[in-house]
Amino acid sequence: MDQKELKDYCTSLVSLSTLEDCKIVIEKFSRFLMVVVNKHHYEDIHKQSEADLKVILQMLLSKTLYINQLLDGIDYKCDDFVSCKLGEDCYGHETFALNRIIDPTIVAMQVRAVFEMLCTFEIIYCVPDTDEKKDIIYYLFQNEGLRYQSRLYSGVTDSKLIEQKDEEQKQIDENVSFIKSTQVYKELSLENQKKIDKILNGKGYRANIQEKNVETGISWENIPELFNLKHSLLDNIYTHFSTYAHPSYISVRNYGVMFDVENPKFLEFAKMEIMFCVTLLSIFIGDYMKVFPAVKEIYLTMDTEDQIILNFYNKMFRGDDYSYSEAWKSLDD
């Protein structure tokens, strides 16, 4: 396509003005993730944290596919209980039908999972400025999961489960020893070492070690600032997701007015969730390629329009310095 056609095509899609646009854009992200999962899966890895990151990529792919499927919506039809007893030809026969709808609260719940996966990826693999710091946060992440799972072993008598429990406790202890043996930990002040020790004795991994200062207990809401996702349109994004992940009063109230026939607000709501989703995916892809530079070569084999669309939201919300493609320059006059 010529420059005008390219510009019109990309501008139309990235605006996400229709559900069909949303599905096309999500499909482009899904296709890229699928190709990367298959081509990148067998590349050499040097440590367990890299293997786990590839699993995170696979999890993100499946969530993206499910989100796109949710945009197909649902409908439903059934007979009244009495009608079933009377038979179809009886006077009392009545059928109830639900017109096709999208439940955007479910979409929001799934996009929240994408948000949390992006934040976890960023705080372990991208925010720390040295490999040793990345290892520390990764082992804190691993320990939190193993400690949480240990609750399931309470009162178990099965020998295999007891063996698994012992192996996981051994891994926890080894992680603690590793962290305390690092130069980063040793050079921390006693006050900052105690912050790490508190996590090691309890739970948590959302920490940030910059120079010789340790910040722990970072909230989901504040993690985006650490990877420069600061934009008024995305303020309080996690609060928004959490509102619909729980049966809050606001979620009940909004759901009650979402499916008005004259003003179907669920359509606009769903498109907004997809805008959040593709923004998170766009950022993930760019920063994932920094961890695994070979993936950039896969990205560059895409058509120009697809490169532009995948990079667009990352570039828009984080600025030109975070752009991972020059393809957008094809739109300039």
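Setting aside residues up to four places away in sequence, S323 touches N311, N314, K315 and W328 in this predicted model. As for where this serine sits, S323 falls in the segment that comes after α15, the helix running over 304-318. Its relative accessibility comes out at 19%, so S323 counts as buried, the cut-off for that label being under 20%.

The side chain of S323 also has polar partners. One is W328, already on the contact list: the two side chains are joined by a polar contact of 3.4 Å. The other is a backbone atom, with the S323 side chain reaching the oxygen of S325 at 2.9 Å.

Turning to the nonpolar interior, the largest core takes in 89 residues, and the members that touch the most others are F32, I274 and Y288. Helix α13, spanning residues 265-291, supplies the largest share of this core, with 15 residues. For I274, the contacts beyond four places in sequence are L16, C22, I26, I67, L71 and V107.

A last stop is strand β1, which covers residues 74-79 and includes C78. With a relative accessibility of 29%, C78 counts as partly exposed, because that label covers the range between the buried limit of 20% and the exposed limit of 50%. Once neighbours within four places in sequence are left out, C78 is in contact with E94, T95 and F96. Then there is A97: this residue is 19 residues from C78 along the chain, yet 6.5 Å is the separation between their C-alpha atoms.

Methods
Residues are numbered from 1 along each chain as its sequence is written. This is a predicted model: local features need pLDDT of at least 70, side-chain atom pairs count only at pLDDT 80 or more; totals for chains, interfaces and linings use all residues. Side-chain values use heavy atoms; hydrogens and water are left out. Helices (H or I, at least four residues) and strands (E, at least two) are DSSP runs, numbered from the N terminus. Buried means under 20% relative accessible area, exposed over 50%, partly exposed in between (1.4 Å probe, protein chains only). A polar contact is a pair of N or O atoms within 3.5 Å; within protein, one must be able to donate a hydrogen and the other to accept it, and residues adjacent in sequence count only if both atoms are side-chain atoms. Contact means heavy atoms within 4.5 Å. A nonpolar core is a set of buried Ala, Val, Leu, Ile, Met, Phe, Trp, Tyr and Cys residues joined through side-chain atoms within 4.5 Å.
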